[in-house]
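Student: Please show me how to read surface patches, pockets and cavities in a model.
Tutor: Let us take them in turn.

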Amino acid sequence: MSPKSYSQVMALEAAAGEPHKKKQQQMVFGDVYGVMTLAKELEAEEKYRPFQLRLQLPDLRQPVQDFFKTREVGEFFSGALAGAMTKAVLAPLETIRTRMVVGVGSKNIAGSFIEVVEKQGWKGLWAGNTVNMIRIVPTQAIELATFECVKRSMISVQEKWKQEECPRVQIGNINLSLSLSWISPVAVAGAAAGVVSTLVCHPLEVLKDRLTISPVTYPNLTVAIGRIYKDSGVGGFYAGLFPTLVGMLPYSTCYYFMYETIKKSYCTTQKKKSLSRMEMLFIGALSGFTASTISFPLEVARKRLMVGALEGKCPPHMVAALSEVIRNEGVAGLYRGWGASCLKVMPSSGITWMFYEAWKDILVGDHRKAA
């Protein structure tokens, strides 16, 4: 091939490859430009990113689900359901018991029952039951949940202090060891349960008693709330709070202590790990009977203080209320309505524990197995 022909061929190849090179260069520069543009966009987006993050709400679904699966929540709802089911069945006995304790109407159970039916019909036996249901659900839930929580905490602290050296206090030459082994976790938990539930739910107890004792003056819940607030203000809803706490403390302590002690002793004697529903019913009833018998005079004084304002002669304090009862009716007056109270408390306690343990098996079963 001649030099001229060779040079012509090279020129033709160069001419043919020129568009391809330009295309490659355009692609390269195009990519670089695209990268630079993307970088600027990302930089601009990064500039406003903190503002975007502040507007994002955390996902609370899992924490909420975990909360409702806790043992404490399960015990709370078990107590609420047990209380509601028990009160729905035993409302007539509660009505008769309250009337006899405060001295309204007949002095015996049968007479009081007939009197209520004649004057108010069968519905009269459920007088105040609406507010009673509203009262018992949070009361029973708070009480049983508090009892379980405080009991576990006390047992945990005692176990921890057994493994470690107990704290000591030096007073002069006296060295005191602060051991908790002599304290009953069940008794402390029972007292705490009664106090906490009373402080939270006492206004509902006042409303329930007013609706039960004086349905003419307080025909419904709305009227009762309005009249109590108009007559006594907010303090009217806490009438008799101190005597209620005084009466509740021995009852609640004895009630829970007796139930746990009898249950544990029975299981040990019978070599059982758990009780049947009927055994829970019986032990719960026996615990309620014992606690009610011990604390009943304080219950009489408490009721007199709470509804004394209706008759315009409210005793100034619990001791005065007890003295008034003894002066007018003798010592036997301190136990007026005791039979009706036991008739109500025994099945109520038994059914409550039976329902509570049943619901706890359902709602807290996994936690109990793990424990």
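**Patch, pocket and cavity**

Tutor: Phe-68 lies in helix H3, where helices (H or I, at least four residues) are DSSP runs numbered from the N terminus. This is a predicted model, in which local features need pLDDT of at least 70, side-chain atom pairs count only at pLDDT 80 or more, and totals for chains, interfaces and linings use all residues. Residues are numbered from 1 along each chain as its sequence is written, and side-chain values use heavy atoms, with hydrogens and water left out.

Student: Which residues form the nonpolar patch on the surface?

Tutor: Patches are made of residues with over 30% relative accessible area and no salt bridge, nonpolar side chains (Val, Leu, Ile, Met, Phe, Trp, Tyr) being joined within 5 Å. A salt bridge is a side-chain nitrogen of Lys or Arg within 4 Å of a carboxyl oxygen of Asp or Glu. Areas come from the Shrake-Rupley method with a 1.4 Å probe, and for residues only the protein chains shown count as cover. Here the patch consists of Phe-67, Phe-68, Phe-76, Phe-77, Leu-81, Met-85, Ile-362 and Leu-363, with about 750 Å² of accessible area together. Helix H3 (61–68), helix H4 (71–101) and helix H12 (338–363) each give two or more residues to this patch, and H4 gives the most, with 4.

Student: How is empty space found, and what lines the largest pocket?

Tutor: Rolling a probe the size of a water molecule over the atoms shows where empty space is left. On a 1 Å grid over the protein atoms alone, a cavity is a set of points where a 1.4 Å probe fits but cannot get out, while a pocket is an open set with protein on both sides within 12 Å along at least five of seven lines; lining residues have an atom within 4 Å of a point. Volume is the space filled by probe spheres set on the points, which are joined across faces, edges and corners. The largest pocket has a volume of about 840 Å³. Its lining has 26 residues, with Lys-151, Ile-155, Glu-260, Lys-263 and Lys-264 nearest the centre. H9 gives the most to this lining, with 7 residues.

Student: How many cavities of 30 Å³ or more are there?

Tutor: The whole structure holds 2. The largest cavity has a volume of about 700 Å³. Among its 34 lining residues, Arg-135, Glu-143, Met-248, Tyr-251 and Lys-344 lie nearest the centre. H12 gives the most to the lining of the largest cavity, with 7 residues.

Key:
Patch = residues over 30% accessible without salt bridge, like charges linked within 9 Å, V, L, I, M, F, W, Y side chains within 5 Å.
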